Amino acid sequence: MAKERGLISPEDFVQLQKYMEYSTQKVSDVLKLFEDGEMAKYLQGDAIGYEGFEQFLKLYLEVDDVPSRLSLALFQSFHSGQCLNETILKVADVVCLSDVSCYFSLLEGGRPEDKLEFTFKLYDTDRNGILDSSEVEKIILQMMRVAEYLDWDVSELRPILQEMMKEIDYDGSGSVSLAEWVRAGATTVPLLVLLGLEMTLKDDGQHMWRPKRFPRPVYCNLCELSIGLGKQGLKCNLCKYTVHDHCAMKAMPCEVSTYAKSRKDIGVQSHVWVRGGCESGRCDRCQKKIRIYHSLTGLHCVWCHLEIHDDCLRTMGPECDCGLLREHILPPSSIYPSVLATGQERKQIKINQKSMDDLNVSTSEALRIEPVPNTHPLLVFVNPKSGGKQGQRVLWKFQYILNPRQVFNLLTDGPEPGLRFFRDVPDSRILVCGGDGTVGWILESIDKANLPVVPPVAVLPLGTGNDLARCLRWGGGYEGQNLAKILKDLEMSKVVHIDRWSVEVIPQQSEEKSDPVPFQIINNYFSIGVDASIAHRFHIMREKYPEKFNSRMKNKLWYFEFATSESIFSTCKKLEESLTVEICGKPLDLSNLSLEGIAVLNIPSMHGGSNLWGDAKRPHGDTCGINQALGSTAKVITDPDILKTCVPDLSDKRLEVVGLEGAIEMGQIYTRLKSAGRRLAKCSEITIHTTKTLPMQIDGEPWMQSPCTIKITHKNQMPMLMGPPPRSSNFFGFLG
């Protein structure tokens with residue numbers, strides 16, 4: 001029996017998406033074959049029959065045999081007996097090729113507005129430009145089918161959907177126009193999700209497998225036989241369900257539900273127990289050992305991570321408080337489909353969406369968040385490529401200890417979906433797992449997101465230099481420490497507002513070519529000359545031979561080699577003759593100096609912990625910090641005596657300017673043999689004029705720049721989280 005136009009089942013749609021993930025073909029390439037290629041014989045005017053449709057699918061999906069059920073379902077979903085060419089109206093078994101190509105083009109990555117317009121036309125079967133009550137009823141039917149596929153409680157959904165469709169009729173005419181449809185789908189109602197065109201929510205019930213070798217005896221959750229010491233099996237990141245490779249296809253569905261699918265599930269979180277996975281070996285209820293014999297023993301909760309004996313289960317209450325990390329976790333009971341919101345809540349969503357118009361937000365999030373009171377939900381961004389394989393392992397771990405909907409893979413998603421998802425979550429925090437470049441990416445994305453309240457940002461350092469993380473007390477690099485302990489440290493952190501600076505590079509009229517400027521914002525530092533030259537050579541070599549730069553120790557050795565070479569050739573000698581510096585409009589006197597580099601610092605760390613400014617020394621008798629107080633009020637400081645006592649401040653809206661005498665001095669500072677470079681100034685605005693091509697760098701990203709003018713001005717401040725002070729290392733913990 002033919003289906004209504006557009007009503008392809010959710011199961012069929014998911015199968016289609018899986019085929020498309022592996023295909024490299026574009027619709028435009030396939031169309032050429034039908035228009036003037038070997039497939040032209042299947043064309044009947046502007047239409048193709050079922051045989052031609054099968055050929056289209058084979059070419060587009062790059063498979064030899066498309067399942068007949070899927071092929072027929074897709075063909076019937078396009079079949080309406082109507083086509084642009086009226087001579088084809090009499091033909092019962094053809095579909096418009098333009099409709100087919102348009103549909104697949106949208107799935108390739110069309111704009112949400114285009115998808116909304118196309119779905120409107122699919123359901124407007126009489127082509128009169130409006131959706132009448134019968135067509136709206138078909139839309140509701142499709143939404144119910146999708147909701148059932150997503151395991152939502154459909155018994156309570158129909159009246160909600162009917163009310164929602166009435167709200168879309170903004171002018172109260174009794175029908176829905178295209179403008180009303182697009183307006184609703186682009187601002188307040190997740191129509192594309194509800195219609196099954198964006199199956200972003202069908203993650204629940206599916207295991208997230210990763211291969212793992214087990215150093216101790218482990219038993220398969222399915223067949224309960226031993227996987228074997230040192231053998232590889234599969235382990236689910238979400239629930240720790242563990243199986244042999246060959247048992248994975250038969251495994252029970254994943255027990256982890258990441259969001260509430262019914263109103264009755266909102267607000268109260270229950271334990272979710274999974275057999276096995278009791279790695280501590282001790283019951284959290286009776287404190288006795290959980291003995292592992294030749295079978296699976298014990299239970300663990302995937303949310304609070306309690307581990308108990310089977311016999312202790314009856315003593316446990318049903319409600320789960322999410323355990324020691326409740327401060328950071330968004331339990332499933334706090335996340336629910338926005339369509340289940342009450343009428344008053346939907347009105348509030350509309351109000352919030354009005355403030356997002358300038359963001360060019362094209363589709364609303366399908367889920368709504370109501371966090372547990374007195375918590376600080378954590379939004380986690382992970383760059384899997386940072387820190388070698390550490391980034392991927394950190395991603396897996398966070399997917400288990402938090403709700404996986406809080407954890408975003410930057411390589412696949414980028415920052416925008418996470419920022420939109422958490423946009424209206426009160427008291428939230430952000431954790432960036434990556435290097436300084438990843439942190440800069442997130443901060444820039446936060447700027448563009450125009451959030452009503454900017455959450456404070458913490459850093460888990462996975463990069464090479466990690467200078468910002470060092471200054472914020474998160475360390476020089478993650479070395480596999482317990483992530484739960486790091487999250488407890490995050491609870492004790494305090495908010496600091498770090499300065500950020502705009503940098504404008506204005507090239508002079510010159511025949512010399514420049515590399516692209518990597519950033520327009522300075523978070524850490526800017527420099528010209530010797531250190532940028534070393535960094536540029538380092539960067540070129542790493543781009544060419546990445547396998548030689550896969551550890552922090554190797555990177556340091558390469559840096560020393562390039563510094564040694566630079567000290568021999570002195571490519572930036574007498575730098576002061578090739579540039580002038582103005583601080584807040586006043587020339588900086590460089591005439592009595594012999595410099596090979598100038599660094600402009602926002603934080604007291606460069607190149608993996610080198611402090612070019614050095615430690616401040618208070619003059620004898622200045623117990624109250626008089627000189628420091630004087631320095632804090634002056635707009636420009638160049639007096640050497642006052643500069644000696646100036647302490648760098650991440651939030652003082654001023655920069656420190658340091659002169660570097662050469663590569664040897666840089667190496668001495670890098671190895672802590674020398675404390676600092678030459679302090680030149682503290683100021684709030686800098687303009688630099690160069691007269692020849694020079695190496696430059698921003699936050700560790702170097703480039704070669706032809707003669708230009710560089711203007712550095714204060715941009716804004718970003719709330720960051722400063723880690724707790726390091727614990728005392730002396731015996732009693734009272735001194736130091």
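# Exercises on salt bridges and a sheet

Asp310 and Arg275 form a salt bridge in which the closest N and O atoms are 2.4 Å apart. The structure is a predicted model, and the exercises below start from this pair.

## Exercise 1

Work out which parts of the chain the salt bridge between Asp310 and Arg275 ties together, and how exposed the two residues are.

**Solution.** Begin with the placement of each partner: Asp310 lies in the loop between strand 11 (307-308) and strand 12 (335-337), whereas Arg275 belongs to strand 9 (residues 273-275), so the pair ties together parts that are 35 residues apart in sequence. Next, take the accessibility of the acid, where a relative value of 33% makes Asp310 partly exposed. Arg275 likewise has a relative accessibility of 33% and counts as partly exposed.

## Exercise 2

Describe the salt bridge between Arg326 and Asp321, and decide from the relative accessibility how each partner is to be classed.

**Solution.** The distance comes first: the closest N and O atoms of Arg326 and Asp321 are 2.8 Å apart, and the cut-off for a salt bridge is 4 Å. For the classification, the partly exposed range lies between 20% and 50% relative accessible area. Arg326, at 39%, is therefore partly exposed, and Asp321, at 45%, is partly exposed as well.

## Exercise 3

Characterise the salt bridge between Lys682 and Glu656, asking where the partners lie, whether they are buried or exposed, and which network they belong to.

**Solution.** The closest N and O atoms of Lys682 and Glu656 are 2.3 Å apart. This pair links distant parts of the chain, since Lys682 sits in strand 25 (residues 678-683) and Glu656 in strand 24 (residues 655-660), with their positions 26 residues apart in sequence. Turning to burial, both Lys682 and Glu656 are buried. Finally, a network of salt bridges links these two residues with Asp652 and Arg654. For the model as a whole, the count comes to 14 salt bridges.

## Exercise 4

Reconstruct the sheet that contains strand 25 and strand 24, giving its strand order, its edges and the average turn between neighbours.

**Solution.** The sheet is open and has 6 strands, which follow the order 25-24-23-20-27-28 with antiparallel pairing. Its edge strands are strand 25 and strand 28 (701-705), each of which pairs on one side only. Neighbouring strands are turned against each other by 20 degrees on average, with direction ignored.

## Exercise 5

Follow strand 20 through its pairings on both sides, and then state what lies across it and how far it is covered.

**Solution.** On one side, strand 20 (residues 525-529) is joined to strand 23 (residues 597-601) by 5 bridges, and the two run antiparallel. Within this pairing, Tyr525 has Leu601 as its bridge partner, while Ser527 stands opposite Ala599. With strand 27, strand 20 pairs in the antiparallel sense over 3 bridges, and here Ile528 stands opposite Met696.

The next step is the helix: helix 17 (residues 530-544) runs at about 95 degrees to strand 20, and lies across strand 20, strand 23, strand 24, strand 27 (694-698) and strand 28. As for cover, strand 20 is mostly covered, with 5 of its 5 residues buried.

## Exercise 6

State where UniProt places the EF-hand domain feature, and describe the span 111-146 in the model.

**Solution.** An unreviewed UniProt entry places the feature "domain: EF-hand" at residues 111-146 and 156-191. In the model, residues 111-146 are 72% helix and 6% strand, and the end C-alpha atoms of this span lie 21 Å apart.

Conventions. Residues numbered from 1 in each chain as written. Predicted model: local features only at pLDDT ≥ 70, side-chain atom pairs only at ≥ 80, totals over all residues. Heavy atoms only, no water. UniProt positions renumbered as here; feature names shortened; annotations may be inferred. Helix = DSSP H or I, 4+ residues; strand = E, 2+ residues; numbered from the N terminus. Salt bridge = Lys/Arg side-chain N within 4 Å of Asp/Glu carboxyl O. Buried < 20%, exposed > 50% of the residue type's maximum accessible area, 1.4 Å probe, protein only. Pairing = 2+ DSSP bridges. Axes fitted to C-alpha atoms, helices over the stretch in contact; angles between N-to-C directions. Contact = heavy atoms within 4.5 Å.
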